[in-house]
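Colleague: Thanks for making time for this one. Could you put the sequence and structure up so that we can talk through how the chains meet?

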There are 2 protein chains.
Amino acid sequence: MRMNQGVEWAAHVLLSLAWVDDGEPVSTARLAASYELPQAYLNKQLQALVKAGLLESLPGARGGFRLARPADKITLMDVVVAIEGPEPVFQCTEIRKQGMGANIPARSFRYACAVNTSMHRAELAWRKVLAAQTIADIKAEAELHAPAVAGVARRAYGRD
Amino acid sequence: MRMNQGVEWAAHVLLSLAWVDDGEPVSTARLAASYELPQAYLNKQLQALVKAGLLESLPGARGGFRLARPADKITLMDVVVAIEGPEPVFQCTEIRKQGMGANIPARSFRYACAVNTSMHRAELAWRKVLAAQTIADIKAEAELHAPAVAGVARRAYGRD
DNA sequence: GGGAACCTACTCGGATACCATGTGTCCGAGTAACAGAGG
DNA sequence: CCTCTGTTACTCGGACACATGGTATCCGAGTAGGTTCCC
């Protein structure tokens, strides 16, 4: 079980676009070059972000992507859901009802599977922390630890 | 990103063995039959549990598996690690250092990647809740909601 | 000189291959129980 | 009746295929900007 690499890319791209934030879109080519990522595949991931409403895409020459809403309104939870989808990581297949479970009266299954409940509880904790962290938070931390990055990003995406 | 099905199987098997707990091993054949699972593949997963020290395997006729330690000493975290491995779900590839990142002075990377830090924080919350739940806890909850299951399990695995 | 039409270059977007990992299966090594012969 | 030995049946364990989803790529539809021609 490993998270899609696209999540990492998406987070960094959103971060980069938060640094630009002058309304000017940035093309996939620039974004891919700035992190040495395969351009076409990055584009595919960005499409997922557009579909999720995190990015806006501008077609045509001088087109590209820009944030669809302020960075402090985009959580890591949004990013993960946009790339990975809304399905839970642990998916209960109700094997308790199979085999010997078929001999148990149906009323015993009125409550949710206890294994699933416990797994779900852990996943909720994960999602809660993800939802509490915004791109703006990460941006602030990055600038605190490495003030140089903001300028480098703006220079990389500037029109020159 | 979906968790291995083996995790669900492992949890239920450990639960079943917690209900037997008379020291008598239960064979893969019985366990697989009791949940209608493919026997050979279940065996493969159980081997992982043995390697992780959660189960003991007894070879030979009348052999099988039994818990290596009490159910209240086996957490869901142990189960997940046994099947999925110890690697983090989100694996940072340090793309911040690539492309435009190469122009940034090395001292800026003294601190960990902020994206990774946030992801790691969420994952820690997940692991913490997993580690707080034991097989014994799940067993208690299942018996509370469906008292019939314990007897059915014992009957399914008994020597008759 | 101003404006409109055309052309070009660049962008996103989806359709299309490739590959790694999870899923599923098979067969062999090894062991415990049983049966039978011998004492 | 007890003990030893050979056989048998059953178990785990690892090596071997298959399928699904993540990874990577290519090409077409569409748009903005620049250019050229005409008025």
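Colleague: By what turn can chain B be laid on chain A?

Modeller: Happy to help! This is a predicted model, where local features need pLDDT of at least 70 and side-chain atom pairs count only at pLDDT 80 or more, while totals for chains, interfaces and linings use all residues. Residues are numbered from 1 along each chain as its sequence is written, with chains lettered from A and ligands numbered from 1 in the order in which they are written. Superposing by least squares on the C-alpha atoms of residues with pLDDT of at least 70 in both copies gives an RMSD of 0.0 Å and a shift of 0.0 Å along the axis, and the turn is 180°.

Colleague: Which relation is that, and which C-alpha of chain B is nearest the axis?

Modeller: Such a turn and shift are the relation of a two-fold axis. In chain B, the nearest C-alpha lies 2.4 Å from the axis and belongs to Trp126(B).

Colleague: Which element gives the largest share of the side of chain B that touches chain A?

Modeller: The contact (C-beta atoms, placed from the backbone, within 7 Å) takes 50 residues from chain B and 50 residues from chain A. Helices here are DSSP runs of H or I, at least four residues, numbered from the N terminus. The largest share on the chain B side is 10 residues, from helix 5 of chain B.

Colleague: Why do the copies meet through the same surface?

Modeller: Compare the interface residues of the two chains. The copies meet through the same surface because the interface residues of chain B that are also interface residues in chain A amount to 98%.

How values were computed: Contact = placed C-beta atoms within 7 Å. Helix = DSSP H or I, 4+ residues; strand = E, 2+ residues; numbered from the N terminus.
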